[in-house]
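Got your viewer open and a selection box ready? Here is a short walk through a few helices, one selection at a time.

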Amino acid sequence: MSSPAVPDSSPSTTALHMCPLCEAGCGLSVQLVDGEPSLIRGDRDDVFSHGFLCPKGTALKALQNDPDRLRRPLIKRDGAFVEVDFVEAFAEVDRLFKPVVSEHGPLSCGLVIGNPTVHRTGLVLYALDLAAAIGSPNVFSAASLDQMPKHLSVGRMFGDFYSIPVPDIERTDLLVIIGANPMVSNGSMWSVPDFRGKAKALRARGGRIVTVDPRFTETSKVADHHHHIRPGTDAMFLAAIVRVLFDEGLADPGLVAEHLVGVDAVRKAVEPFDLDEVSRRCGVAAADMRSLARQLASARAAAVYGRLGTCLQQHATVTSWLIDVINILTGNLDQPGGAMFAKPPAFAANTAGPPGRGEGVSTGSYSSRVSGAPEVMNQFPIACLAEEIETPGQGQIHGLVMIASNVALSSPDGPRVERALAKLDALVCLDPYLNETTRHADVIIPGPSALEEAHFDVFFANFAHRNVARYSPPAIPKPPGVPDDWETMVRLIGIFSEMGPKVDVVALDDDLTRRSIESSAPGQGGDIMEALAPRVGADRRIDLGLRTGPYGDLLGLNPDGLCLDKVMAKPSGVDLGPLESRLPEILRTPSGKVELAPADFVDALSGVVDDISREQPECVLIGRRHLRSNNSWMHNLPILMKGKARCTLLVHPNDANSWKLVDGGVAKVTALSTDAAIAVTVEFDDAMMPGVVSLPHGWGHDGNDTKASVASQNPGVNFNVLADPNRRDALSGNAALNGISVTVRMVRRPSDE
Ligand code: SF4
């Protein structure tokens, strides 16, 4: 309907495109022969990634050609899926949800937003509109599986859930990485393509990298020092470092001091964290913790960065908070080479409204029906999804819209989630695959492929190591009849707004966008819509975001500023420069200060103190990720599945001896709290901390009723069978997927096979 111009599809042309698979957002150069992708390389001129790409970017060609990828919708008829056109699919959604809403009300519906949603511009820009149209508090997202603690901690400290400081890697002298593996991820909540190259440059100019992790990771291999730490003890480790800073008179926030409140409260809160006691529990030598505190305080510029491992534990919000407490107390927040805030070109709340003060963030304005879990960012923990479907009563979920989410593999207790999904009266999934979750759907609606859809990063510019603005038109045209993502979203919004499946998508989009403009600029909706014409859909929203953003042309008032046309004219992106100090302008707290000691975070430290004397379990399980995996998907592409099997249980050889395991044999791993068990191949690896075993997540492709011929030949096992949905970070509701107490027992030797 309104797709941007696509490249000429005559033989052998090149199209530039951003890789939408992860937040590194590498610029791609896609060689097309007869309009088909023949080779994908990094775009050397890309202002952000400078030619870097990882194997997944190259594999977009295989994804494009994967015969198992859905091109047309599927609807279930008499228990079996049949292919239909998009018109029939939307009619079926309407037919299924009408009785759910009329019989049980809108509260009986729900929305699940999976991780790839944020990598699809048309989906993410309309997700809030869809949630509003569904009209239910039952909104869940992948954020509560991996990152909610960080959103909450920075929300309280700086006043916006997305004001996340990231290491200024190109100017830092000391980078401390806790529970993160950017050599594999190229940054997560820190967009940093080619981490390897940047780490090498950091060390070449005399800087140092320190990793802290229960596993000697791929990132540890390019670091100067590594400290093994017991899973779940990061908060006490960090609190002990904060105490050293105070005890030794090293706490000096520097230029940030005048924008800070709560220093004394933090000083008092960390008093119980005795270095020797913490050391006994977390496994890091007291001398090493003391040394790290001194190094961070004395470095010319340093940054502490924590990621997935720090978010998947029961004290996750406190852990995320203490990371930034250290950045602040060592004078490294908001300083070149320290932990800095990006300034996104569009869609950032911390560039909107009056600078320096705001309403801050709140949570818990309502709670989930069954567990009473407080909402955070207007959503409930995804670990509560199954109980909300299973438990009868007012508000029980009977119908669900699921966007790009494979909850059967990604959520705690996947088998229970699957049983719950099977009970729904209506389940519609927007997804390119018939997988372990979508097999329970009544309707599956695919979208254009990653190369067929325009791309603009809506969120990740908030965490970028450098400010840029980039937009990719589709690299290749989508097949006739396939709606853009935004069109699918608007049609669903029409269905849930009782306008039916044949709603005029452009007219409804006009209405939605005008209302959104009016809510922030009353009385100006008409004029602004006119200024944005003739664009519609996602592109109109991107243009609006850019033009009213911090670098924007202000709809004509600042003629030199950015608009979508100007960004499109630079296919390799517009460089907006290195990160710059943003305090106090970035703050949106009611006090207009950095809140160093939010009361509930300080209170939660008492639970961490209690853990210091708690007995260490004999064996705990943690996850890990791999460069060739992307959570639960991309396992159906042969090019990414090459090499040795990687869904293995890593075990330190000493533990393996004690537990009588055999390398290459199959072991039974049993969760102590639930008795759930899986059988998995054992791999000896002295990278593991003794007492800790590791298994990647996103596997368990059993092949039953799915369409994933490659993945089902390499199924792996589902990590999350072992995860207890009730084990969560109390403040954020994030699932505590790491640090699961398990036993490991041999069940089959390689020689038995
Ligand atoms: S790191 Fe890989 S998956 Fe991520 S954006 Fe770059 S090429 Fe794509």
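This is a predicted model. Start with helix α12: its buried residues pack against α10, α13 and α24 (599-612). To see which ones those are, show V278, S279 and C282 as sticks; these are buried in α12. Now turn the view so you look down the axis of α12: the buried residues fall within an arc of 105°, so they line one face of the helix.

Stay there for a second and click G283, just after α12, which takes a positive phi of about 90°.

Next, select residues 275-282 (α12) together with residues 286-298 (α13). Their axes are 8 Å apart, and the helices pack at an angle of about 115°. Angles from 65 to 115 degrees count as roughly perpendicular, so that is what α12 and α13 are to each other. For the contact itself, pick L275, D276 and S279 in α12, which meet A286, M289 and R290 in α13. By class, that set splits into three nonpolar, one polar and two charged residues.

Now move over to α10 (residues 234-247) and add α15 (residues 316-329). How do these two cross? Their axes come within 9 Å and cross at roughly 25°, so α10 and α15 are roughly parallel to each other. The crossing is left-handed. On the α10 side, select D234, A235, L238, A239, I241, V242 and L245; on the α15 side, take V318, T319, L322, I323, V325, I326 and L329. Colour this contact by class and you get 12 nonpolar residues, one polar and one charged.

Key
Residues are numbered from 1 along each chain as its sequence is written. This is a predicted model: local features need pLDDT of at least 70, side-chain atom pairs count only at pLDDT 80 or more; totals for chains, interfaces and linings use all residues. Axes are lines fitted to C-alpha atoms, for helices over the stretch in contact, and angles run from 0 to 180 degrees between N-to-C directions. Helices (H or I, at least four residues) and strands (E, at least two) are DSSP runs, numbered from the N terminus. Angles under 35 degrees count as roughly parallel, over 145 as roughly antiparallel, 65 to 115 as roughly perpendicular and the rest as oblique. A crossing is left-handed if the near helix is turned anticlockwise from the far one by less than a right angle, and right-handed if clockwise. Two residues are in contact if their C-beta atoms, placed from the backbone, lie within 7 Å. Ala, Val, Leu, Ile, Met, Phe, Trp, Tyr, Cys and Pro count as nonpolar, Asp, Glu, Lys and Arg as charged, and the others, Gly among them, as polar. A residue is buried if 20 or more other C-beta atoms lie within 10 Å of its own, exposed if 12 or fewer, and partly exposed in between; C-beta atoms are placed from the backbone. The arc is that of the directions from the helix axis to the C-beta atoms.
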